[in-house]
Amino acid sequence: MDFLWLGLQQLADPSVFLTMCIGAILGVIVGAIPGAGAAVTISILLPSTFGMEPLNGMTLLLGVYCGAAYGSAIPAVMINTPGSPVAVLTALEAKPFVDRGEARRAMSLAYSSSFVGGVLAVLALMLLTQPLANIAKNFGSAEFAMVALAALVLVIVGHNGRRAEATAALAFGLFLATIGIETAFSTQRYTFGLSFLQQGVALVPMVIGLFAISEALIQLTARGASQPAVQLKGHFFQGFMEVFRYKRALYGSSAIGILCGIMPGVGEFLAQQVSYVMAKRFSKEGHLFGKGAPEGIIVSEATNNAVPPGALIPMLALGIPGEELTAMMLAVFLVHNVIPGPSLFIDRPEFVAGLYWTLLMMNVIIILFLLVATNAIARAALINKRFLGVLILTLSLIGTYASAYNFSDVGVAMVFGLLGYILRSHRWPLTPILLGFVMGPILENRFRQAVGGADGDLTIFVARPISAIMVAAMALLIVLTFCGWLKGRRQPPAFQINDT
Amino acid sequence: MSEPGTEGDGANRLESTALTVIFAGISGTLLLLLGAATKSGSAGADWWTRPAFAPAVALSVLVVANFLTLWRELSDLRARPPSVQERAEAWDCFTGWLRPVEFLAYYAAYVWAIQHVGYFLGSLVFVSWLLFRVGLRQRRWFLWGAVFCVALIGIFRMGLGVWMPAPAVYDLFPDAARTALIRWF
């Protein structure tokens, strides 16, 4: 009880409340602008949060993350253009609603299911994180190494239809993480005598290059005009109550979203696809999916919004980020010397409790904002793409420079920007690069400690029960994936992960 | 060439294969450089502590994954030989890579310019030039661009206090004005 009270005290801090509101509103707006989105915004904002208190910085970024999940539904419904890849299913299901003149009903369904999914996921975060952290207190280096390895395996398995490319991207991220001074012997790895590489590849320029500059280049070189937004008609609150008529779809998809958020490397896109396929299979109205089924919108939005809080569970409890946005946020922890993991609940209980409450309150703020501002935000979604590209490219400079006050970082960002552009234009996934980069040092250090402690005996990973279970689970997952690949190699995959 | 970021995997197959060849070549070269690029630190070190161990694993996986991708793409090209049109489009696709390079060149010039004329003026010129270059040449776009630059200054320089090096051009101003310019613009 004291723990929760501590969190409420944090929330009552005007600076925390203000950053929460700014982050949430900004998130909704950028989420509604196709091409802007959470990844671009968080990468640009990231250096600005280094000077803030840890809770303020995290609240701002989480506000953008959660707000964008809500906001992406607006263009999906009103201009039939998903604000982000995860709103594709919403756009598909909402089109028949719009054609029937029920755009407002579709919007209400999207908002209310997003709200329920988001709130349930925050409750799961509150209930599950500390028990998981308590279990993690028994973890040694072998277990942490296997958690990190499992996350990498999940990243590859999750990229159905693009596994070879995802593996290459992941390995590239792992390689990038090894560049610079190596700590055990203080020797250099792949620096080629260049002094700016001795500190290794910096996270912020890499993230801004891969996600923001590449997006700007795409927008600047894109052609095509925006569609006009539809006018909202019908009763706004109709859909708010309607979602509870589809309890199984609502709660089931929220649960899948939370579960997939917890599993490192899975992410919201795969979560949504799994939810959609399962809901279609088990629904009495499965034949209506894709033709304007309310359940289709509910499943898409509830899952999408349940993932962000779910992804925070492994990050707070184990220090393992769930996907690319939490991987970026890990930088905020590291800058402020806040070490995520089991000790976080002992060392910084006020931070964790504050995070819980701000996340919960954020959902309320966002839904209230959407009730009054949807039409205005829909107009923002129609922003000219080339103008958006100019804005993102200009913002990316100050974002990169502000991280270390070093103009050479801008050069690094440009290289990654071009790389990101080329990879995206060929449908190579970018997320595995970032996850490999963040997880690489964790895996290397924990592996060294575990194997060193066992005097080079690799059976240490199967000699300890928790580690052995993880090894067995990974082996089973790999075998099942391989069998599935052999079985379906002559058929196109049901869906492909395209998080670019 | 399909527009990046659009739906459907419309990339030219010859271009994709060429890209994979480049990736495979770079990753293979990096792996060959392993011995030279990672100093062993201690000859008698255990295998798991050797500095080369982690990059060796990462690069080996990278090489294998790149060659798997290449093998798949070559198999596809053998099974479905590229059409005359696809061959003709391949060159356009390669030259299409130059389009982002042009914008990155402007970006590099922007980085250089703000160290000489200041952040605000540099941003204003950069934004205006980009708007002109991408065809947004009506007055309202330049007005929006100027508003954006003012907002940029307001949020990052005045609000968040991001420091920028003083450009030489500010030396031309009187001390009081120079101080204000260095601090806010």
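Reader: What share of the 185 residues in chain B is made up of buried residues?

Author: In this predicted model, buried residues make up 25% of the 185 residues in chain B. To earn that label, a residue needs 20 or more other C-beta atoms within 10 Å of its own.

Reader: How do you know whether chain B is a compact globule, going by its radius of gyration?

Author: Set two values side by side. A compact globule of 185 residues would come out near 16 Å, but chain B has 25 Å. So chain B does not fit the rule of 2.2 Å times the number of residues to the power 0.38. As for its dimensions, the C-alpha trace spans about 65 × 60 × 25 Å along the principal axes.

Reader: What makes up the secondary structure of chain B?

Author: Eight helices and zero strands. Read from the N terminus, the elements go α-α-α-α-α-α-α-α.

Reader: Why is B:Leu172 called exposed?

Author: Count its neighbours: B:Leu172 has 8 other C-beta atoms within 10 Å. The cut-off for exposed is 12 or fewer, so B:Leu172 qualifies. You'll find B:Leu172 in the loop between α7 and α8 of chain B. Its C-alpha atom and that of B:Glu15 are separated by 52 Å, with the two positions 157 residues apart along the chain.

Reader: Over to chain A. How do you know that the span of helix α12 agrees with its number of residues?

Author: Helix α12 of chain A covers residues 247-262, which is 16 residues. You multiply 1.5 Å by one less than that number, so the helix should span 22 Å. The end C-alpha atoms are 22 Å apart, and therefore the two values agree.

Reader: What do the buried residues of α12 in chain A pack against?

Author: They pack against α7, α13 and α14 of chain A. Among those buried residues are A:Ala249, A:Leu250, A:Ile256 and A:Cys260.

Reader: What makes A:Leu250 buried?

Author: A:Leu250, which sits in helix α12, has 23 other C-beta atoms within 10 Å. Buried takes 20 or more, so A:Leu250 makes it. Leaving aside neighbours within four places in sequence, A:Leu250 is in contact with A:Ser113, A:Val116, A:Val243, A:Ile298 and A:Ala302. Take A:Val116: it is 134 residues from A:Leu250 in sequence, yet the two C-alpha atoms are 7.8 Å apart in space.

Reader: A:Arg427 and A:Asp455 are both in loops. Why is A:Arg427 buried or exposed, and what about A:Asp455?

Author: A:Arg427, in the loop between α19 and α20 of chain A, has 20 C-beta neighbours inside 10 Å. The cut-off is 20 or more, so A:Arg427 counts as buried. A:Asp455, in the loop between α20 and α21, has 8 other C-beta atoms within 10 Å. That falls under the 12 or fewer rule, so A:Asp455 is exposed.

Reader: And what is phi of A:Arg427 and of A:Asp455?

Author: Phi is near 65° for A:Arg427, a positive value in a residue other than glycine. For A:Asp455 phi is near 55°, again a positive value in a residue other than glycine.

Reader: Last one: how many residues of chain A are in contact with chain B, and which kinds are they?

Author: 52 residues of chain A are in contact with 51 residues of chain B. Elements of chain A that each supply at least two residues to that side include α9, β2 and α10. The residues on that side divide into 30 nonpolar, 13 polar and nine charged.

How values were computed: Residues numbered from 1 in each chain as written. Chains lettered and ligands numbered in written order. Predicted model: local features only at pLDDT ≥ 70, side-chain atom pairs only at ≥ 80, totals over all residues. Contact = placed C-beta atoms within 7 Å. Helix = DSSP H or I, 4+ residues; strand = E, 2+ residues; numbered from the N terminus. Nonpolar A, V, L, I, M, F, W, Y, C, P; charged D, E, K, R; others polar.
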